[in-house]
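User: I am new to this structure and would like to understand the reasoning behind the terms used for it. Could you take me through them step by step?

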Amino acid sequence: MNLNELTIKEARIKLDKREISSQELTAACLKRIKEIDGRIHACLLVDEEGALSAARQADKRLAAGESGSLLGIPYLCKDIIMTKGLKTTAASKILENYIAPYDATVIAKLKAAGAVLLGKTNLDEFAHGASTENSAYGPTKNPLDETRVPGGSSGGSAAAVAANMCLFALGSDTGGSIRQPASFCGLVGLKPSYGRVSRFGLLSMTSSTDVIGPLAKTVEDAAMVLEVIAGKDERDATTLPEAVENYSRLEGRDLSGLTVGLPKEYFLNDLDKQIMARLKETAAKLETAGAKLKTVSLPYTKYGIPVYYLVTPSEISSNLARFDGIGWGLAKNEMDNLQDFYKANRGLGFGPEAKRRIMLGTYALSAGYYDAYYKKAQAVRTLIIADFDRAFQEVDLLLTPTTPHPAFKIGEQVNDPLAMYLEDIFVTGASLTGLPAISIPAGLVETADGQKLPVGAQLIAPRLKEGLIFKVAGILEQDKI
Ligand code: GLN
């Protein structure tokens with residue numbers, strides 16, 4: 001087995017026993033990136049020198065008798081998270097020359113823990129999308145079938161983990177962008193509760209739903225990463241004060257006393273038959289472990305996509321207003337008039353999807369339309385939150401599919417924004433409500449062209465119940481119960 005194929009947990013044991021060094025592990029990941037990323041295009045930047053130097057530091061700390069869950073573990077980071085001294089482009093032309101002047105809190109925490117940053121991964125521009133085809137630097141391919149997308153917007157991070165270029169990767173999830181690529185690439189992807197992980201240094205998309213989280217090979221690995229990156233941060237007032245739990249201690253294999261809800265609006269008759277079958281198998285495993293199943297109703301589910309695609313562009317139009325071409329990169333055009341300068345830079349710097357969202361959001365927020373669109377969407381969002389609150393009075397956890405189908409072909413939906421928006425049908429609920437949710441592999445389905453591809457099962461829990469999610473997901477991950 002090549003070192004880059006190890007899980008975090010396996011590598012941790014080998015590092016602690018001095019069977020391997022962080023430099024060897026890092027070199028194996030860098031070699032894999034060189035070997036395969038010319039085809040996959042998961043990385044926008046590889047910092048070989050920085051990674052090897054961080055690995056040397058980690059080896060020194062290990063030699064001095066230190067340990068720690070992520071000490072010496074190589075990872076990649078979605079290029080929408082600030083990394084001091086390295087380019088942070090959000091896969092946009094408008095930031096093509098932008099070098100982050102400071103580290104995001106998550107990066108600072110990972111640095112302090114001794115994790116080794118290998119580089120930055122591709123995404124849909126500013127995280128707008130579900131396929132990574134909206135990147136200004138070209139699409140990423142799904143390593144499981146290179147004619148297909150890896151999902152999005154954290155598609156580069158998912159493809160990198162699936163192709164063993166790193167042991168884990170950071171993604172961000174605003175409306176599914178960790179969970180959906182995890183489903184398409186056969187990985188574990190966690191969207192923590194809103195406010196569980198600091199957004200300081202994450203370029204804002206939809207500030208009221210953005211969360212950073214891990215894409216990993218196993219549930220335990222995802223838990224190990226969350227333990228390090230979570231917590232209150234004085235530089236992000238929306239972070240939650242509650243203590244970070246010991247998520248990776250996945251104790252107990254017994255789910256008796258637990259009730260898992262199956263929301264009927266997520267299991268309608270038009271759900272793909274094979275996905276339905278994989279989810280039924282997942283539900284059966286929960287029963288075998290002692291859980292009770294219960295059908296519940298989330299009646300406002302059908303408004304999830306319309307609400308999300310009003311709230312999100314509204315916040316985007318406001319958050320992207322700061323990119324004027326002056327303070328942050330680009331500034332190519334010499335104009336004598338400021339308005340023309342802005343227009344030229346924003347016209348050149350933003351891709352079609354970012355522009356579409358700026359226009360939709362500006363419209364929804366304009367005087368005369370605000371009440372009809374933005375305000376109405378926020379009111380319905382409150383009803384969606386109430387739906388989940390009611391469901392969690394009856395059940396402890398919800399089980400749903402993550403995606404309506406497996407990974408689709410590159411190019412298949414790129415010119416159909418509405419079809420792309422509908423990709424998010426099962427993931428926007430947990431985003432609009434700020435609830436924690438995970439996608440774990442639920443098995444394979446066969447496509448019309450005979451490909452066997454993974455699909456995910458999603459577990460959604462009440463706020464801050466990441467520990468429960470990891471426990472249940474950890475049990476599901478084991479084949480034998
Ligand atoms: N598909 C969603 C969108 O395009 C995902 C966004 C995200 O989570 N960053 O808005």
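Analyst: A place to begin is the pair of helices α9 and α11, where Y309, L310, T312, P313, S314, I316 and S317 of α9 are in contact with R357, I358, L360, G361, T362, A364 and L365 of α11. By residue type, this contact consists of eight nonpolar, five polar and one charged. Please keep in mind that the model is a predicted one.

User: Why are α9 and α11 called roughly perpendicular to each other?

Analyst: Helix α9, residues 304-319, and helix α11, residues 352-365, pack at an angle of about 100°, and their axes are 7 Å apart. Angles from 65 to 115 degrees count as roughly perpendicular, and therefore α9 and α11 are given that description.

User: What makes α7 and α15 roughly antiparallel?

Analyst: The axes of helix α7, residues 219-229, and helix α15, residues 466-477, cross at roughly 160° and come within 9 Å. An angle over 145 degrees counts as roughly antiparallel, so α7 and α15 are described in that way. Where they meet, V219, A222, A223 and L226 come from α7, while E466, F470, A473, G474 and E477 come from α15. The residues of this contact divide into six nonpolar, one polar and two charged.

User: How do you know that the ligand has polar contacts with S153, T174 and G175?

Analyst: The cut-off for a pair of N or O atoms is 3.5 Å, and each of these distances can be set against it. For S153, an N or O atom of the side chain is 3.4 Å from a nitrogen atom of the ligand. For T174, a polar backbone atom is 2.8 Å from an oxygen atom of the ligand, and for G175, a backbone N or O atom lies 2.6 Å from a ligand oxygen. Of the 290 Å² of accessible area that the ligand has on its own, the protein covers 99%.

User: How many residues surround the ligand, and which are the closest?

Analyst: There are 15 residues around the ligand, and the closest are T174, G175, S177, Y308 and R357. This shell is made up of five nonpolar, seven polar and three charged residues.

User: What makes the backbone at S153 and at A127 worth pointing out?

Analyst: Most residues other than glycine have a negative phi, and most peptide bonds are trans. The bond from G152 to S153, however, is cis, with omega near 5°, and A127, although not a glycine, has a positive phi of about 75°. S153 sits in the loop between β3 (116-121) and α5 (155-162), and A127 is likewise placed in the loop between β3 and α5.

Methods
Residues numbered from 1 in each chain as written. Predicted model: local features only at pLDDT ≥ 70, side-chain atom pairs only at ≥ 80, totals over all residues. Heavy atoms only, no water. Near = heavy atom within 4 Å. Polar contact = N/O pair within 3.5 Å; in protein donor to acceptor, adjacent residues only side chain to side chain. Areas by Shrake-Rupley, 256 points an atom, 1.4 Å probe, with all protein chains shown as cover. Nonpolar A, V, L, I, M, F, W, Y, C, P; charged D, E, K, R; others polar. Axes fitted to C-alpha atoms, helices over the stretch in contact; angles between N-to-C directions. Helix = DSSP H or I, 4+ residues; strand = E, 2+ residues; numbered from the N terminus. Parallel < 35°, antiparallel > 145°, perpendicular 65-115°, else oblique. Contact = heavy atoms within 4.5 Å.
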